[in-house]
Amino acid sequence: MILALGAVVAFIAVYQYLGLLLTAVVFITSGLLYLLIFHRRWCYVALKTAPRDIRALWCYVKVLLIAWKCSRQNATVPDIFHEVVQRNPNKNCFLFQEEVWTFKEVEDYSLRVTALLKNQGIKKGNIVGLLTNNCPQMPAMWLGATRLGAVCPLININQRGNALIHSINVAKCDALIFSDEYLSAIQDVSSQLDPKLKLYKFSCRPLNSPKSQKASGDGIPDFIDLLKVTPPAPWTKADGFGFQGKLLYIYTSGTTGLPKAAVITTSRFIFMVAGLHHMRLNSSDVVYCSLPLYHTAGGVVSVGQALIFGCTVVLKPKFSASQFFPDCAKYKATAAHYIGEMCRYILATPPSPVDKQHNVRVIFGNGLRPQIWTEFVTRFNIKYVTEFYGATEGNANIANTDGTPGAIGFLSRIFPSIYPIAIIKVDQETGEPVRNLEGLCQMAGPDEPGVFIGKISANNPSREYHGYVDKAASDKKVVKDVFVKGDSAFISGDILVADEFGYLYFRDRTGDTFRWRGENVSTSEVEAAISRVASHRDAVVYGVLVPNTEGRAGMCGIVDPDGSLDLEQLARDLARDLPPYARPIFVRVMSSMDMTGTFKMKKTDLQKEGFDPSLTKGDKVYYLDMKQNKYIPLGPQEYECINNGKIRL
């Protein structure tokens, strides 16, 4: 306050002698000299990051302008899609195997769905679940349902038993449309579903195909047969809840516990799609997507490029590493979507001339490991990488706008408050925020790990937080009194670190990092090191309890289906690449590994089984002899010796 008052007095005094123009020049020059003398490093960082920050700021402004326009019209996705159809009715919207769907054909199909569901009693506020395979009809179906004001949960097609029951019930579905190949899965749980739930079998066959032969005694209507005899509804503005209203429920991947249904509103849908689009894409792009459409990545970010911006999107039934770039060449794709470990799987395929015989200039997604980033873009001749980060249920979304290898986004050092995200310090044991004397969260400094957060602000599509359908689960992801008293933020649970220039790098999930020998071990860093030295094999790292030993010992589950893994070489390579405390003490060699639909490795069950050879289902277990730097087979006798301290780790 005193300095500000002094500056005002000085300005008035100088102004009386020199006039306004010269006074302004003097003060600007003095300010620049002050910065150069006392904050030289900040000036260097600001100059170096200014192009990045200005480009991202312009992208952010364009996203807000789109959101403002849609908000003013109170538009939902079916309304916005209709405008796209009007501009390009005969342009290719979806390419699927040998099928070509124009924008008009997709909308016509969705209007037929609208008419059918309305005839079946579906109305505004009803919940229509979809348990369907990848195909152009899937987004057309939820467009048709949401035009009526219904909300569509997109259910993971891998769910069975209790998980499937939970996914249907937690969303409070009034109707469920499922691919006919999942009939047995539905029949297995039908006795535990609400008797009022309307069930419909669905198949991807064309509407002009012969009438289906219903399975004997199932009594479930065939959705396609009903569509055939239902004329399309005339187009009208959607009878939904508007720009801020619910559109979809998308479930978390379920690496731990039962999946949670995250709420996707039209405003959030627009923000996620537009934010990615304005990085490197344009409406003439052909986007290749081999991701499941029940997940945010495929079903929102990729499909949304067609629905909102008029891109052509190539849909695949499922991901294939060997066919990824050959498919891109076949469909003349100019952009491609990746997630999780996909890039590692693609890189592990044998080199081929096709590696560079494609038109893909940009790949976008999240999960491209820093250790393979440069090798991947060099081998496949990729000009741009847009790595982005964001939780389905959260509002903390960032992107790497300039292709800096390994970075998942950045914090602006020049405009830190324009996009209110931050990294806060947390207690390593409890995961609770560390607070200052005023009770506010403490911000992490450069190169200091912490949990990533996004400030919550209503009526701003980039700052809204709708969380899960389950309010109690949503509240657990909110932290109070962050920047100022009374504010709140979404806490991601992900450990990130920012360097001096503000670039953000993923470290781990909260709870995945464990302590061993007084040091913190990042599971993601160890997994990356193991994958790199073990020919890109699937590897998952976790901490296990050892009796009478402080902390958790590192254990690695590694896939070796053909028995070619050289454990002696692995031990030597890890000794070279990792500090002693980070090397896995136990190794579990497996023939296969459970993965989520978005290529995340499931580690919860492995962690529960630990290093007990009687629980490892026939997998071979080894322990590390540090003196010999060698992995030794672990049987019941060695297990007992480790537990009673006769074998020291």
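Reader: Where in the chain does K332 lie?
Author: K332 lies in the loop between α11 (324–330) and β11, where helices (H or I, at least four residues) and strands (E, at least two) are DSSP runs, numbered from the N terminus. This is a predicted model, in which local features need pLDDT of at least 70 and side-chain atom pairs count only at pLDDT 80 or more, while totals for chains, interfaces and linings use all residues. Residues are numbered from 1 along each chain as its sequence is written, and side-chain values use heavy atoms, with hydrogens and water left out.

Reader: Why is K332 called exposed?
Author: The relative accessible area of K332 is 57%, and a residue is exposed over 50%, buried under 20% and partly exposed in between (1.4 Å probe, protein chains only); K332 is therefore exposed.

Reader: What makes the phi of K332 worth pointing out?
Author: Phi of K332 is near 55 degrees, a positive value in a residue other than glycine. Most residues other than glycine have a negative phi. D447 also has a positive phi, of about 65 degrees, although it is not a glycine; D447 sits in the loop between β16 (421–424) and β17 (450–455) and, with a relative accessible area of 55%, counts as exposed.

Reader: Why is T401 called buried, and which residues does T401 touch?
Author: T401 has a relative accessible area of 6%, and so it is buried, although its place is in the loop between β14 and β15 (409–410). Leaving aside residues up to four places away in sequence, T401 touches R52, R55, A56, M279, R280 and F410, a contact being heavy atoms within 4.5 Å.

Reader: How do you know that helix α9 is largely enclosed by the rest of the structure?
Author: Of the 15 residues of α9, 13 are buried, so the helix is largely enclosed. The length of α9 (residues 266–280) can be set against an expectation too, because the expected span of a helix is 1.5 Å times one less than its number of residues; for α9 this gives 21 Å, and the end C-alpha atoms are 22 Å apart, which agrees.

Reader: What makes β2 and β14 edge strands of their sheet?
Author: The sheet is open and has 8 strands in the order β2-β1-β10-β9-β11-β12-β13-β14, with mixed pairing, and two strands pair if DSSP finds at least two bridges between them. β2 (99–102) and β14 (398–399) each have a single partner strand, so one side of each is left without a neighbour in the sheet. Helix α10 (residues 296–309) packs on this sheet, and β9, β10 and β11 (335–339) are among the strands it touches. The direction of α10 makes about 165 degrees with that of β11, with axes being lines fitted to C-alpha atoms, for helices over the stretch in contact, and angles running from 0 to 180 degrees between N-to-C directions.

Reader: How do you know that β9 and β10 count as paired?
Author: Strand β9 (residues 286–289) and strand β10 (residues 312–315) run parallel and are joined by 4 bridges, which satisfies the requirement for pairing; V286 stands opposite T312 in β10.

Reader: What is the order of strands in the sheet that contains β25, and what packs on that sheet?
Author: The order is β23-β24-β25-β26-β27, in an open sheet of 5 strands with mixed pairing, and the edge strands β23 (539–544) and β27 (630–633) each pair on one side only. Neighbouring strands are turned by 30 degrees against each other on average, direction ignored. Helix α15 (residues 523–533) packs on the sheet, touching β23 and β24 (553–559), while helix α16 (residues 567–577) lies across β25, β26 and β27. Within the sheet, β25 (residues 586–590) and β26 (residues 620–625) are antiparallel over 4 bridges, and F586 has Y623 in β26 as its bridge partner.

Reader: Which residues of helix α18 are buried, and what do they pack against?
Author: In α18 (residues 636–643) the buried residues are C641, I642 and N643, and the buried residues of this helix pack against β25 and β26.

Reader: Why is C152 said to be in no disulfide?
Author: A disulfide is a pair of cysteine sulfur atoms within 2.5 Å, whereas the cysteine sulfur nearest to that of C152, belonging to C173, is 9.0 Å away, and therefore C152 is in no disulfide. The structure as a whole holds 0 disulfides. At 0% relative accessibility, C152 counts as buried.
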